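Visitor: I'd like a quick tour of this one, residue by residue. Could you take my questions as they come?

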Amino acid sequence: MDFGDYESLLIEQRGNALILTVNRPRAMNALAAQVVEDLHRLTGVLATLGEGGNWPVRGIVLTGAGDKSFVAGADIVEMNSMGADAAAAYARRMHDVTLRLESLPVPVIAAVNGFALGGGCELAMACDFLYAGAGASFAQPEVNLGLVPGFGGSVRLQQRVGIGAARELIYTGRRIKAVEAERLGLVNRVFEDNESLLAGALATIEEIASKSPTAVANAKTAINEIAGLNVVDGLGVELESFRKAFGTQDSVVGRSAFVAKTAPDFPGR
Ligand code: CO8
């Protein structure tokens, strides 16, 4: 499938996965305006693919070009000549990107292969979950610039690591290594190098690809909607999601296959 041409993104389909690579290694893959526009346009294209039936892949791996950096944040050189309104508009474009990633009907795994700083950490946190190479590092270092997180870090970091750890990381700007990020729950798995990181992310997409596409999409939507709700409201959302899943052909096939002791062949609807 043709997703369009992008100056700062590489797109490759491998098996059931789409590998999206932020490709600006000379500046540590920092989110210059061009990168933000490319991410905005590509996520716009992905959003038009709809609920899953038209999807050529079952998951996305988001990573950075080269071996040093996932994404080193917003482009500080460009930000240096911005006024507050222009900076807010820039942040809003990235809000769109992160919300679109969360709304896609397929999982997105951040394969963090180096620095995930500021906007880079925020982009990774908009993915369903994070894997990291052992050399990866994470920070919300905006306080070093007299700034605060602007691409969702104040919201999503506390969801990932709890409010206390989020406060400490944001107030100090401290950079933590992959193993510490794993201990805090920011990262699901740490791989010994970036090669095994990519292989691990792709293997997880293949594992997910053997499951019901509609069930995975329903689960993603429900989990995102439930984040931040109280137990009663969360159970209400889950109930509707469960009811919807029960009405799918995938569910009929999956339940019947179990009873017949055969492997399900999910139609994806
Ligand atoms: N922006 C622009 N250029 C960058 C960035 C960046 N974020 N990070 C690295 N670069 C450039 C460097 O300037 C350098 O360019 P040049 O070769 O032309 O001098 C090149 O990449 C290589 O970097 P270094 O020589 O510094 O490489 P090191 O290995 O010594 O260090 C680091 C790598 C640790 C990544 C270091 O470059 C660094 O600390 N970068 C800044 C990281 C940072 O603070 N990121 C957070 C930015 S703020 C943010 O993301 C807020 C998001 C919300 C904003 C919303 C409002 C607009």
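Guide: Happy to, and keep in mind that this is a predicted model. Let's start with M79, which sits in helix α2.

Visitor: Is M79 buried, partly exposed or exposed?
Guide: The relative accessible area of M79 is 22%. Buried would need under 20%, and exposed would need over 50%. M79 falls in between, so the label is partly exposed.

Visitor: Which residues does M79 touch, if we skip those up to four places away in sequence?
Guide: One of them is Y90, eleven residues from M79 in sequence, with the two C-alpha atoms 9.3 Å apart in space. The full set of touching residues is A74, Y90 and L147.

Visitor: Staying in helix α2, how exposed is I76?
Guide: I76 belongs to helix α2, which covers residues 76-79. I76 also joins L145 and L147 in a nonpolar surface patch, with about 250 Å² of accessible area together. The relative accessibility of I76 is 45%, so I76 counts as partly exposed.

Visitor: What distance separates a polar backbone atom of I76 from a nitrogen atom of the ligand?
Guide: I76 is among the residues that come nearest to the ligand, along with A72, A74, Y90 and G119. Its polar backbone atom and the ligand nitrogen are separated by 2.9 Å.

Visitor: How much of the ligand does the protein bury?
Guide: Besides I76, the backbone takes part at A74, where a polar atom is 2.8 Å from a ligand oxygen. At G119, a backbone N or O atom also lies 2.8 Å from an oxygen atom of the ligand. Taken alone, the ligand exposes 1100 Å², and the share of that buried by the protein is 64%.

Visitor: Which element gives the most residues to the shell around the ligand?
Guide: Elements that give two or more residues are α2, α3 (84-103), β6 (115-117) and α4 (119-125). The top contributor gives three residues, and that is α3.

Visitor: Let's move to N29. Is N29 buried or exposed?
Guide: N29 lies in the loop between β2 (17-22) and α1 (33-47). Leaving aside neighbours within four places in sequence, its contacts include V22, G64, F70 and A72. With a relative accessible area of 0%, where the cut-off is under 20%, N29 is buried.

Visitor: Which residue's backbone nitrogen does the N29 side chain reach?
Guide: The contacts of N29 include N23, R24 and S69. The side chain of N29 comes to 2.8 Å from a backbone nitrogen, and that nitrogen belongs to R24.

Definitions and conventions
Residues numbered from 1 in each chain as written. Predicted model: local features only at pLDDT ≥ 70, side-chain atom pairs only at ≥ 80, totals over all residues. Heavy atoms only, no water. Patch = residues over 30% accessible without salt bridge, like charges linked within 9 Å, V, L, I, M, F, W, Y side chains within 5 Å. Areas by Shrake-Rupley, 256 points an atom, 1.4 Å probe, with all protein chains shown as cover. Salt bridge = Lys/Arg side-chain N within 4 Å of Asp/Glu carboxyl O. Helix = DSSP H or I, 4+ residues; strand = E, 2+ residues; numbered from the N terminus. Buried < 20%, exposed > 50% of the residue type's maximum accessible area, 1.4 Å probe, protein only. Polar contact = N/O pair within 3.5 Å; in protein donor to acceptor, adjacent residues only side chain to side chain. Contact = heavy atoms within 4.5 Å. Near = heavy atom within 4 Å.
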